[in-house]
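This report describes selected local features of a single structure for a reader who has not met it before. The sequence and the model are shown first, and the description follows.

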Amino acid sequence: MSPVTTAEVDHLKQLIREVSDFPKKGILFYDITTLLKDKTGLAMLIDKLSEHYISQDIDLVLGMEARGFIFAPALAYRLNAGFIPVRKPGKLPAECVSYDYALEYGKNTLEIHKDAIQKGQRVLIVDDLLATGGTAEATAKLAESLGGKVAGLGFVVELEFLKGRDKLKGYDVMSLLKYDK
């Protein structure tokens, strides 16, 4: 496994569009859609994420709604693992378990099928962004409530200034692209 080089990080960051004042004034939004449409950028992104986990015997890759659905199936394919969607309430058709978690102003809930994870299965949790860490932490707790072993949490982008990694202590957390402002 080769570590992500500075040149690779720089290349991927150049493919991300920065949008000022979105979704509200004063916010700088890192738009990954411009990276996704670049076939070499997307391939490099999936390659580098999968390289970090290839030797870890991952059984399942959990993708959080909605942008985790972009990366998790591709990683599951590369890691010879299954894909499990983690959804908002009312979106999954079979019996579910749910997990409520706090947001800055309110609460949210995530759901997963009750039979999605078997006891002892090694799961990788994937999303596009690590911001405050609440959704990632909730997904890890949800996986563990079904008996899963969280092998890691992988992100495309990490907004380090929001300190989301602090909520994920004790887990292997990997992010490809880090921003400190």
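Helices α1 and α3 are oblique to each other, because their angle of about 130 degrees lies outside the ranges counted as roughly parallel, roughly antiparallel or roughly perpendicular, the last two being over 145 and 65 to 115 degrees. The model is a predicted one. Helix α1 covers residues 6-14 and helix α3 residues 39-53, and their axes are 10 Å apart. The crossing of α1 and α3 is left-handed. On the side of α1, the contact is made by E8, H11 and L12, while α3 contributes T40, G41, M44, L45 and K48. By character, the residues of this contact comprise three nonpolar, three polar and two charged ones.

Two charged side chains deserve separate attention. E158 is placed in strand β8, which spans residues 149-159. E158 counts as buried because its relative accessible area is 4%, and the limit for that class is under 20%. The side chain of E158 is joined to that of R165 by a polar contact of 2.7 Å. Apart from residues up to four places away in sequence, E158 touches L130, R165, S175, L177, K178 and Y179.

R87 is found in the loop between β4 (82-86) and β5 (96-103). A polar contact of 2.8 Å links the side chain of R87 with the side chain of E65. When neighbours within four places in sequence are left aside, the contacts of R87 include F69, L92 and T109, as well as E65.

E65 also takes part in a feature of the backbone: the peptide bond from E65 to A66 is cis, with omega near 0 degrees. A66 lies in the loop between β3 (60-64) and α4 (68-78). A cis peptide bond also joins F22 and P23, where omega is about 5 degrees. P23 belongs to the loop between β1 (17-20) and β2 (28-31).

Positive phi values in residues other than glycine are found at D57 and at N80. The table sets out both residues.

| Residue | Phi | Loop | Relative accessible area |
|---|---|---|---|
| D57 | near 50 degrees | between α3 and β3 | 60% |
| N80 | near 55 degrees | between α4 and β4 | 72% |

D57 is exposed, because its relative accessible area of 60% is over the cut-off of 50%. N80, with 72%, is likewise exposed.

How values were computed: Residues are numbered from 1 along each chain as its sequence is written. This is a predicted model: local features need pLDDT of at least 70, side-chain atom pairs count only at pLDDT 80 or more; totals for chains, interfaces and linings use all residues. Side-chain values use heavy atoms; hydrogens and water are left out. Axes are lines fitted to C-alpha atoms, for helices over the stretch in contact, and angles run from 0 to 180 degrees between N-to-C directions. Helices (H or I, at least four residues) and strands (E, at least two) are DSSP runs, numbered from the N terminus. Angles under 35 degrees count as roughly parallel, over 145 as roughly antiparallel, 65 to 115 as roughly perpendicular and the rest as oblique. A crossing is left-handed if the near helix is turned anticlockwise from the far one by less than a right angle, and right-handed if clockwise. Contact means heavy atoms within 4.5 Å. Ala, Val, Leu, Ile, Met, Phe, Trp, Tyr, Cys and Pro count as nonpolar, Asp, Glu, Lys and Arg as charged, and the others, Gly among them, as polar. Buried means under 20% relative accessible area, exposed over 50%, partly exposed in between (1.4 Å probe, protein chains only). A polar contact is a pair of N or O atoms within 3.5 Å; within protein, one must be able to donate a hydrogen and the other to accept it, and residues adjacent in sequence count only if both atoms are side-chain atoms.
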